[in-house]
Number of protein chains: 2
Amino acid sequence: MCELLGMSANVPTDICFSFRGLMQRGGCTGPHRDGWGIAFYEGKGLRCFHDPQPSAESRLAQLIADYPIKSGIVISHIRQANVGGVCLENTHPFSRELWGSPWTFAHNGQLSAELFQLPLGFYEPTGSTDSEYAFCWMLGEIRRQFPKRPSNLIGVQKLIRECCEQLRLLGVFNMLLSESTHLFAYCTTKLTWITRCSPFNQAQLRDCEMAVDFQAVTTPNDVVTVIATEPLTDNEVWHPMQCGELLVLVEGEVALMGSA
Amino acid sequence: MCELLGMSANVPTDICFSFRGLMQRGGCTGPHRDGWGIAFYEGKGLRCFHDPQPSAESRLAQLIADYPIKSGIVISHIRQANVGGVCLENTHPFSRELWGSPWTFAHNGQLSAELFQLPLGFYEPTGSTDSEYAFCWMLGEIRRQFPKRPSNLIGVQKLIRECCEQLRLLGVFNMLLSESTHLFAYCTTKLTWITRCSPFNQAQLRDCEMAVDFQAVTTPNDVVTVIATEPLTDNEVWHPMQCGELLVLVEGEVALMGSA
């Protein structure tokens, strides 16, 4: 399996603190040694970093944990390979352009081989993972039904839920997906989230000795939601998602939450 | 204008030496302060780094110059903005998937506003540069004529040349383009290349005090071609490309060279 980390914020926010916790799980406090990746949205711009090395030993991961890249949405993933070898093309998150926006996707879980019978449309996988195939299929479905960006994403959200429900029949499917303004999180087994807003408190990482006083690094209007496979801090209350639940975050806040 | 740097090699090769020369031109020995980016192919896998900061001052650029990422094809770009603001979505190289391969593109030059009347097909720009628009148009043309990857790229190469010739009517169009096995370079004003193979010699960078003895870091079978806007070393003979010339590199060697 793998671990996911996502963030949505109403002001450009860095994820150094949370990422520092996550990267330990890539070969140090966790077994996810088969590469890692992270995608940062700055407006419609996207910066991705991918490394097939274990994050706990990666010089690039060290830089990301130190270098405050301010972002509205982040999707990160550390991998413990099941389907597909350990190589760059199998390293999440995966990206494709639709409507002139860079969509990004990361997955935790495993889907049965029937997945590969779902018809692909516009997008083809580069690597051999079930995850990238599922992403290409889902984004192709979105493109087929919404060739142009609609005025709001309500219909798209409904379609994403339908696609996720179809994929969930094939196995474990926890995912993070974004097109730059919305962060979609779907859970079948394990995802948990927390919204931080004023009054901010101190938080203590579970995976290494590090604390941050969010009050010192925020303004009273900041709202930031973090989603992770397992809670990253041990002195805050994280909300576990339910099986079949879709969470949609916009500017740090929950815009939709509901089970099928 | 901007500066381009490309590499094709028959064994995974790092570009630290050449990149160290190029990055100086991003705000130190050259005026290209408006961001930089680099794309590394490892097989069909692609790693990109983008930074809207000047490369001469970028901590990420420093890491890339130090961190030997071994790659078969590299495309890099440092930007001096003309069309489109300085932001992440306008930072080259640009990427899109076709045939399950990640295509990458970087451009030096400026195209007239007529460009934006060329019809887009499958790909839409994320940012506002002439360069990304030209890439989306050209890749859409390739996709339209070659929906599946053909058994060889001879027809595709012909089409790329035709597209380049059409774009060159609109202004200055020096570009680098790849789909993971072939590196295409088209010149209208300024591109120069060098092939390094056994017996290897020492090379001295123009833009900073640094030399490398390639003999010490290569094997006798290695072949590496580097393409750049201006020669990066001052003790080697670089071949200037001609206006209208398309150079195609495969595994470090020139597979096609010719003017229209």
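1. A residue counts here as buried if 20 or more other C-beta atoms lie within 10 Å of its own, and as exposed if 12 or fewer do. The model is a predicted one, and the points below should be read on that footing.

2. Helix α2 of chain A has four buried residues by this criterion: A:Leu60, A:Ala61, A:Ile64 and A:Ala65. Because they cover an arc of only 140 degrees around the axis, these residues sit on the same side of α2(A). The face turned away from that buried side carries A:Arg59 and A:Asp66, which are exposed.

3. What lies over the buried residues of α2(A)? The cover includes α1 (16-24), β2 (36-42) and β3 of chain A.

4. Chains A and B touch through 24 residues from chain A and 24 residues from chain B. On the side of chain A that touches chain B, β3 (45-51), α2 (59-66), β5 (94-98) and β6 (101-108) each supply at least two residues. The most comes from β3(A), with four residues. By type, the residues on this side of chain A are ten nonpolar, six polar and eight charged. Both β3(A) and α2(A) therefore deserve a look from two directions: β3(A) is among the elements covering the buried residues of α2(A), and each supplies residues to the side that touches chain B.

5. In chain B, helix α1 (residues 16-24) packs with helix α2 (residues 59-66) at an angle of about 150 degrees, the axes being 7 Å apart. Since angles over 145 degrees count as roughly antiparallel, α1(B) is roughly antiparallel to α2(B). From α1(B), the contact is made by B:Cys16, B:Phe19, B:Arg20 and B:Met23. From α2(B), B:Ala61, B:Ile64, B:Ala65 and B:Asp66 take part. The residues of this contact divide into six nonpolar and two charged, with no polar ones.

6. Is strand β1 (residues 3-13) of chain B largely enclosed or open? Eight of its eleven residues are buried, so β1(B) is largely enclosed by the rest of the structure.

7. Two strand pairings of β1(B) can be followed in the model. Seven bridges join β1(B) to β4 (residues 71-78) of chain B, and the two strands run antiparallel. Five bridges join β1(B) to β12 (residues 223-228) of chain B, again in an antiparallel arrangement. B:Ser8 is a convenient residue to locate both: B:Ser8 stands opposite B:Ile73 in β4(B), and its bridge partner in β12(B) is B:Thr225.

Notes
Residues numbered from 1 in each chain as written. Chains lettered and ligands numbered in written order. Predicted model: local features only at pLDDT ≥ 70, side-chain atom pairs only at ≥ 80, totals over all residues. Contact = placed C-beta atoms within 7 Å. Nonpolar A, V, L, I, M, F, W, Y, C, P; charged D, E, K, R; others polar. Arc of directions from axis to C-beta. Axes fitted to C-alpha atoms, helices over the stretch in contact; angles between N-to-C directions. Parallel < 35°, antiparallel > 145°, perpendicular 65-115°, else oblique. Pairing = 2+ DSSP bridges.
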